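Here's a quick tour of the model shown below. Keep the viewer open as you read.

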Amino acid sequence: MTRYIKTAVILFLICAVCTALCALINEITAPRIAANVESDRITALEDVSAGLTIGEQYDVGDGSINYYIPLSDGNGIAGYIVEMSTSGYGGAMTVIASYATDGSVLEAKMMANSETPGLGKKAEEAWYMEMFKGLGGEQPLPAAKSDLSAEDNAAVSGASITFSGVSSALINGSQFVKGLGGAV
Amino acid sequence: MSHMKELTKGIFKENPTFIIMLGMCPTLGVSTQVSNAIGMGASVIFVLTCSNIFISLLRKVIPDSVRIPCYIVIIASFVTIVEMVLHAFVPSVYEALGVYLPLIVVNCIILGRAEAFAGKNGVLDSALDGIGMGIGFTLSLSLIALIREILGAGTITLFPIGSFDGVITLPGLSSSPVRVMTLAAGALLLMGYLKAFFQWKTSRSQGGKA
């Protein structure tokens, strides 16, 4: 019995010391990480705003749409920035995109993700989102790899699950924007 | 064995990737770009060295029946520390390594060295073993990544410094790369050839026939 208690105490002490060490490092790094995340978000909003004025943020939080921000061109609402949650090969992903009021994609950017470097991570590169631009309004967004041109199909080769995740997020965002009907 | 041999054995004689064949998952997964390989290698060197030191220090305290859970707790703590530090101070490397960074916890090299070496040897030898094995892993990973990236993308991706954007583009190869080298099949193919080469070199140095 004494042997079991001694073993449990040693295991507890090792866990306690390790937890304390992690907590200390977290205390030091957490503000910097939060600042980095916020800075990335602001940069992404500016990147996808397509030169339009960014308005106030409206939280949605329905599981697939996190929030939306109206974009105005001086005469009224010209589009929206929508942040969407989806899943890829490495788990949860966040995609941020701007849409015209008809639901067509203006700009898009991959944010937080754990996709495979060299494969799914390609979705972070600017050329990746080019295949979705201008689609979602009159012309539908690609829902599967078979909807892509041969060149785009080859470009997303090896990362089909990432493509499906990005594509489904952009389709959800497009439908959400259509549902807003140009209103806030 | 001298201290210097503990440091150098991991680089060639007991190279974790090509000789002991440990840590294959991150080796094949991360070796698509040289910068990723260097970032992963540096993280493994840090975790391996720190965990080896702590496990060696605690080897007489840790009961044999719970040594594996203790090793995992220590290794996971150092991986978490590396993850937080990279996320805060080098976010580009943190994002590039993605899922492979937390997976260092289950990297066979770390647990393998803890079990085979640090749990039975002194602090200095364990630290040198960690550094040597880490450097061996980093060099192997970088070699695989260099060959895969050159053939598969026609580029060499390093870290941006000043006006240098970090990417060296090789004319000819970048316009018509051997795309399979960026995929898992290419990684396995290359790994097989490199393993055969190292096997041949080892056999030759031992005086046997390849």
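## Ground rules

A residue counts as buried if 20 or more other C-beta atoms lie within 10 Å of its own, as exposed if 12 or fewer do, and as partly exposed in between, with C-beta atoms placed from the backbone. On that basis, 35% of the 184 residues of chain A are buried.

This is a predicted model, where local features need pLDDT of at least 70, side-chain atom pairs count only at pLDDT 80 or more, and totals for chains, interfaces and linings use all residues. Residues are numbered from 1 along each chain as its sequence is written, while chains are lettered from A and ligands numbered from 1 in the order in which they are written.

## Chain A

Chain A has four helices and six strands, strung out from the N terminus as α-β-β-β-β-β-β-α-α-α. (These are DSSP runs numbered from the N terminus: H or I of at least four residues for helices, E of at least two for strands.)

Its C-alpha atoms fill a box of roughly 75 × 40 × 25 Å along the principal axes. The radius of gyration of chain A is 21 Å, against near 16 Å for a compact globule of 184 residues; the value is taken over C-alpha atoms, and the globule rule is 2.2 Å times the number of residues to the power 0.38.

## Two nonpolar cores

A nonpolar core here is a set of buried Ala, Val, Leu, Ile, Met, Phe, Trp, Tyr and Cys residues joined through C-beta atoms within 7 Å. The largest one has 40 residues, and B:Val47, B:Ile74 and B:Ile75 have the most contacts inside it. Both chains chip in: helix 1 (2-48) of chain A supplies at least two residues, as do several chain B helices, including helix 3 (34-57) and helix 7 (123-153). Helix 4 of chain B gives the largest share, 11 residues.

There's also a second, separate core of 36 residues, with A:Leu71, A:Leu141, A:Ala169 and A:Ile171 among them.

## A helix pair in chain B

Helix 6 and helix 7 of chain B pack at about 150°, axes 11 Å apart. (Axes are lines fitted to C-alpha atoms, for helices over the stretch in contact, and angles run from 0 to 180 degrees between N-to-C directions.) Among the residues that meet are B:Phe117 from helix 6 and B:Met133 from helix 7, a contact being C-beta atoms, placed from the backbone, within 7 Å.

## Confidence

Chain B averages a pLDDT of 89, with 98% of its residues at 70 or more; pLDDT is the predictor's confidence in each residue, from 0 to 100. For the complex, the predictor gives an ipTM of 0.73 and a pTM of 0.73.

Terms used. Contact = placed C-beta atoms within 7 Å.
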